[in-house]
Amino acid sequence: MGRKDTIYILGSGAIGFPWAALLTKAGKSAIAVRTSKDTPKETVGVTVHNASNRIEVAVPSIGLSNVPSLDGTIVVAAKSYANAAIAGVLKGKAATGPVVIAQNGVGVEKPFLEAGFTSIYRCVLYVTSQSLSEYEFSFKPITASPIGTIIGDDAGLARCAQHLSTEEFSFRAEPNIQREIWKKAILNAAFNSICPLLEVDNGVFARDAEVANIARELVRECIAVTERLHVGLSESELMEQILRVSRGSDGQLISTLQDIRNGRQTEIEFLNLEIARIAASLQLHLPRVELLGRMTLAKSLQAQGEIRR
């Protein structure tokens, strides 16, 4: 397998490590690249609990600053607030090959466009993952994850979808990726604000009708934005997906709640608060979306301050 077939998974956390493990298990060349730690190249044992299956795989890992060159497929699965720094490092290393951004939120590809990359794809992940320990994860794909083009061609998009797919974790080329991006962003605006504020797992929307109604109110506000942008989403479609994801990830904690409990920065500014900012630019006000986002951000900052003390 040539170097250009290598898949670099940037962001070796609850998504990056298990994803690299499944790719390695499938016989593909994958490297988990740490973006926040300056570590030498090493091999780590990664355990993935996928439904009733337990998978143990040896995965190559390295810090981004120690990667000499990146000439394969670059998958960005780090937190979106690190994108500007990551894009700068990749540009400095003269990275080649397609960049696949596998993150929540709207507009997260902007730093890579500004850095001049000419093959950029967005991947919307439909998977729930939770760290059980440093190298052990519960990883549950819900449905095939769509990949679409930000800048690039259809042939490159098809190659990325095929290259990243495994039996356990599959991808599909999606011609209308903006619709998928907004759909997932609105879902995450509900899960990543309501669940952390209530200190509950993802299954709460399927279990509690009143909490599901709060999510419905957020969805209704967001629909006003997608209608103005001609994205084409409906309240019923979004609520059906929220309940489907809630049932499929019952007992698992959303990433924002995990981050808050561990004193880490969250992505809420690229979800609720970014949606509210876009709405404001369209002369729309989303009071519930913005308020829950601000409360989640305040809770995150408070937790970071407490842990530092």
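I started by fixing my classes: Ala, Val, Leu, Ile, Met, Phe, Trp, Tyr, Cys and Pro count as nonpolar, Asp, Glu, Lys and Arg as charged, and the others, Gly among them, as polar. I kept in mind throughout that this is a predicted model.

**Entry 1: the cavity**

I looked for enclosed space and found one cavity of 30 Å³ or more. The largest cavity holds about 30 Å³. I listed its lining as Gln103, Asn104, Gly105, Arg122, Val124, Ile181, Lys184 and Ala185. With my classes, that lining splits into three nonpolar, three polar and two charged residues. Which helix gives the most to this lining? I noted helix 5, residues 177-198, with three residues.

**Entry 2: the second largest pocket**

Next I went to open space. I put the second largest pocket at about 210 Å³. Its lining runs through Thr73, Pro98, Ser119, Tyr121, Gly152, Asp153, Gly156, Arg159, Cys160, Gln162 and His163. I asked myself where the largest share of that lining comes from. Helix 4, residues 154-164, supplies five residues, the largest share. By class I counted three nonpolar, six polar and two charged residues around this pocket.

**Entry 3: helix 5 against helix 7**

I then turned to helix packing. Two packed helices are described by the angle between their axes and the distance between the axes, so I wrote down both each time. For helix 5 and helix 7, I have axes that come within 10 Å and a crossing at roughly 145 degrees. I logged this crossing as right-handed. On the helix 5 side, I found Trp182, Ile186, Ala189, Ala190, Ser193, Ile194 and Leu198 in the contact. They meet Val211, Ile214, Ala215, Leu218, Val219, Cys222, Val225 and Thr226 of helix 7. How many charged residues sit in this contact? I got no charged residues, against 13 nonpolar and two polar.

**Entry 4: helix 5 against helix 10**

I stayed on helix 5 and checked its other partner on my list, helix 10, residues 272-281. The two axes come within 9 Å and cross at roughly 125 degrees. Helix 5 and helix 10 are therefore oblique to each other, as angles from 115 to 145 degrees fall outside the parallel, antiparallel and perpendicular classes. I saw Trp182, Ala185, Ala189 and Ser193 of helix 5 touching Asn272, Ile275 and Ile278 of helix 10. I sorted this contact into five nonpolar, two polar and no charged residues. I also noted that Trp182, Ala189 and Ser193 had already turned up in the contact with helix 7, and that Ala185 had appeared in the cavity lining.

**Entry 5: helix 7 against helix 8**

My last lookup was helix 7, residues 209-228, with helix 8, residues 235-248. I have them packing at an angle of about 140 degrees, with axes 10 Å apart. Are they parallel or oblique? Helix 7 and helix 8 are oblique to each other, I wrote. Their crossing is right-handed. From helix 7, I listed Ala212, Ala215, Arg216, Val219, Arg220 and Ile223. From helix 8, I listed Glu235, Leu238, Met239 and Ile242. This contact has seven nonpolar, no polar and three charged residues. I flagged Ala215 and Val219 of helix 7, as they also meet helix 5.

Note on methods
Residues numbered from 1 in each chain as written. Predicted model: local features only at pLDDT ≥ 70, side-chain atom pairs only at ≥ 80, totals over all residues. Heavy atoms only, no water. 1 Å grid on protein atoms, 1.4 Å probe; cavity = no way out; pocket = protein on both sides within 12 Å on 5 of 7 lines; lining within 4 Å. Points joined across faces, edges and corners; volume = space filled by probe spheres on them. Helix = DSSP H or I, 4+ residues; strand = E, 2+ residues; numbered from the N terminus. Axes fitted to C-alpha atoms, helices over the stretch in contact; angles between N-to-C directions. Parallel < 35°, antiparallel > 145°, perpendicular 65-115°, else oblique. Left-handed = near helix turned anticlockwise from the far one by under 90°. Contact = heavy atoms within 4.5 Å.
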